[in-house]
Each structure stands twice: as structure tokens, then as C-alpha cells.
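Got your viewer open? Let's go on a short walk past some charged side chains.

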Amino acid sequence: MSVSSIVIYHNPRCGKSRDTLKLIRDAGIEPEVVEYLKTPPTVTELDAVLKKLKLSPQEVMRKGEAVYKELGLGERLLSREEALQVLVDNPILIERPIVIRGSTAVLGRPPENVAALL
């Protein structure tokens with residue numbers, strides 16, 4: 001990935017993710033699109049993305065997902081490593097979209113957050 005290229009962790013079924021992708025393309029940029037539900041990141045990749053976001057694994061967990069409740073994630077304290085593994089094993093829990101450009105990343109919620117990277 002070159003410094004100027006943009007990567008979006010995208011879920012095509014998510015309206016915010018589609019809106020964010022459209023904003024990037026409307027700016028004349030064709031990003032690398034990672035459909036993370038089909039090709040989940042590794043623990044190492046996700047850890048690097050979260051460091052760019054300056055967020056913990058728990059801060060990007062989608063607490064409204066059924067699997068969050070099924071795994072009892074709101075009732076136990078996870079180490080960073082455990083939380084990363086839960087996200088990699090259950091990528092539906094990863095908040096979306098995540099947009100990365102170089103050493104910076106933003107969460108596209110709201111989609112306008114990506115303007116800082118364009």
C-alpha cells in the first residue's frame with residue numbers, strides 16, 4: 001500500500017459503509033476495498049489497524065450484534081489479545097467502515113469522518 005492509497009474495510013450490506021465508499025470515489029479515489037466479512041483480517045493486521053485508529057478492540061465491537069450477547073462479551077473483561085481474537089473469529093463484530101490512508105485511520109461513522117483522509 002502506497003502512502004497515498006486508501007483502504008476501506010467494507011461491508012456492502014451496511015448503508016454507512018456504502019455511503020463512505022461513495023464519498024471516497026466521489027473524491028476521485030478508487031480505494032482498495034476489503035470485504036472483511038469474506039476475508040477477515042489476521043490478529044496482527046487488526047491490531048495494526050486499531051493502533052492507527054487509536055482505539056481498543058472493545059471500542060470497535062458492535063455491541064448490538066447477537067453474537068456479542070451470545071458470547072457474553074458485555075459481562076467479562078477481555079485482554080487486548082483475547083478481544084482481538086474474538087473480533088477476528090467473529091468479524092461481524094467489527095465496527096464499520098474503517099478507512100486507512102498511510103499511518104492514519106478513521107471510523108466512517110458518520111461517513112463524513114473520512115474527509116480528513118481525502
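One yardstick before you click: buried means under 20% relative accessible area, exposed means over 50%, and partly exposed is in between (1.4 Å probe, protein chains only). The model is a predicted one, where local features need pLDDT of at least 70, side-chain atom pairs count only at pLDDT 80 or more, and totals for chains, interfaces and linings use all residues. Residues are numbered from 1 along each chain as its sequence is written, and side-chain values use heavy atoms, with hydrogens and water left out.

Start by selecting K38: at 66% relative accessible area, K38 is exposed. Now add E35, which pairs with K38 in a salt bridge, their closest N and O atoms lying 3.3 Å apart. (A salt bridge here is a side-chain nitrogen of Lys or Arg within 4 Å of a carboxyl oxygen of Asp or Glu.) E35 itself is partly exposed, at 27%.

While you're at it, select R62, E65, E95 and R109 together: salt bridges with shared partners link them into one network.

Next stop, helix α1, residues 15-26 (helices are DSSP runs of H or I, at least four residues, and strands runs of E, at least two, numbered from the N terminus). Pick K22 and D26, which sit four residues apart in α1, about one turn of the helix. Their side chains form a salt bridge, 2.7 Å from N to O. Which label fits K22, buried or exposed? K22 is exposed at 51%, and D26 is exposed at 55%.

Last, show R25 and E30, whose side chains meet in a salt bridge at 2.9 Å, N to O. E30 is exposed at 56%, while R25 is partly exposed at 39%.

Want to keep hunting? The structure holds eight salt bridges.
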